[in-house]
Amino acid sequence: MKPQIYVARRIPAEVEAYLKEHAEVRKWEQERPITKDELKEEVGDAEGLLIAGTPITEELLANAPNLKVVSNISVGYNNLNIDALRSRGVLATHTPYVLDDTVADLAFTLILSASRRVVELDHWVRDGKWQKGQEDELFGVDVHHATLGIIGLGRIGERIARRAIFGFDMKVLYNNRNRKPQVEAELGVSYASMEELLKTSDIVLLMLPLTEETRGLMGAREFDMMKRSAVFINVARGPIVDETALVEALQQRKIFAAGLDVFDREPIDPNHPLLQCTNVVTLPHIGSATAATRTKMAQRAANNLIHALQGSKEIDLIPE
Ligand code: DGY
């Protein structure tokens, strides 16, 4: 008998066809994303769940007596209550590797557009503010040969470092839970304490997971340590940053600019003070959002789900 699964996210037709070969599939039919309460009602007897960022809570698990596997179409997994999943023996998987270069490309898009004020100056042109003789009002800061400080040097951080070193002749510092001697030797990146990284980097970039240790890592003290000419980039998770402190740093020009793909609450309230700052470039959490990469992520998550239900070890288990 095929296992029952519930698909809580729209997925490409070919991925759905693959799932149907191996499982009885029920799915969320609406255009809008499913809420955690709706998922709790929908899960029923499913043994497997395919989700993308929907919170998996203790309450949902209590309502899912047959659940064996939760497969997340995302590399980040802060939406999962890992302790609750482990205590019930439910396996959890995610989708590393397939999105690394796509997210690294987006990180560079934000580095360049925040440093050279691309969005702000696009508005200048459209609003008729462009006049002959303008000089320093249009100045940005250089990216080439600058020092990039990466906080969190995992696979995606390494891809960003490669772009920085080989494409832009940048010097790269990193801070990480563990030192990476092999990456240091291969790429020429240098380990730095948080303080040294914040004080000496021209661009400070967050690329680490959201955990209880990293929540609120970037606050007023950290922004105060950064150079006044520095650019801050977040392509990781919003709650790693104290947004009130970031707004103050941007408004008081304690830093030059920020580029943000992620926010404390998503979607961010359009009246949020961050969006009143002209020196910030914002995006709606699109790190991995290309058709090709999202298809690969959905296929990888589908493979993880079916393999785990079949008892195979060929899965991307969420790390301990
Ligand atoms: C992820 O997969 O965690 C990314 O944030 C998606 O953009």
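**Exercise 1. Into which domains is the protein chain divided, and how many residues does each give to the contact?**

Step 1: The chain splits into domain 1 (4–98 + 291–309) and domain 2 (100–282), with bounds that come from an automatic or database domain assignment. This is a predicted model, where local features need pLDDT of at least 70, side-chain atom pairs count only at pLDDT 80 or more, and totals for chains, interfaces and linings use all residues. Residues are numbered from 1 along each chain as its sequence is written.

Step 2: Taken over C-alpha atoms, the centres of the two domains are 32 Å apart.

Step 3: Domain 1 gives 5 residues to the contact and domain 2 gives 6; two residues are in contact if their C-beta atoms, placed from the backbone, lie within 7 Å.

Step 4: On the domain 1 side, 2 of these residues are nonpolar, 3 are polar and none is charged. Here Ala, Val, Leu, Ile, Met, Phe, Trp, Tyr, Cys and Pro count as nonpolar, Asp, Glu, Lys and Arg as charged, and the others, Gly among them, as polar.

**Exercise 2. At what angle do the axes of helix α1 and helix α12 cross?**

Step 1: Find α1 at residues 13–22 and α12 at residues 291–309. Helices are DSSP runs (H or I, at least four residues) and strands are too (E, at least two), numbered from the N terminus.

Step 2: The axes come within 10 Å and cross at roughly 10°. Each axis is a line fitted to C-alpha atoms, for helices over the stretch in contact, and angles run from 0 to 180 degrees between N-to-C directions.

Step 3: The two helices are therefore roughly parallel, the word for angles under 35 degrees.

Step 4: Val-15, Tyr-18, Leu-19 and His-22 of α1 meet Ala-298, Gln-299, Ala-302 and Ile-306 of α12. Sorted by class, the residues of this contact are 6 nonpolar, 2 polar and no charged.

**Exercise 3. Arg-117 and His-285: is each buried or partly exposed?**

Step 1: Arg-117 sits in the loop between α5 (100–115) and α6 (118–126). Although not a glycine, Arg-117 has a positive phi of about 60°.

Step 2: Arg-117 counts as buried because 21 C-beta neighbours lie inside 10 Å. A residue is buried with 20 or more other C-beta atoms within 10 Å of its own, exposed with 12 or fewer, and partly exposed in between; C-beta atoms are placed from the backbone.

Step 3: His-285 belongs to the loop between β12 and α12, and has a positive phi of about 45°. With 18 other C-beta atoms within 10 Å, His-285 is partly exposed.

Key:
Angles under 35 degrees count as roughly parallel, over 145 as roughly antiparallel, 65 to 115 as roughly perpendicular and the rest as oblique.
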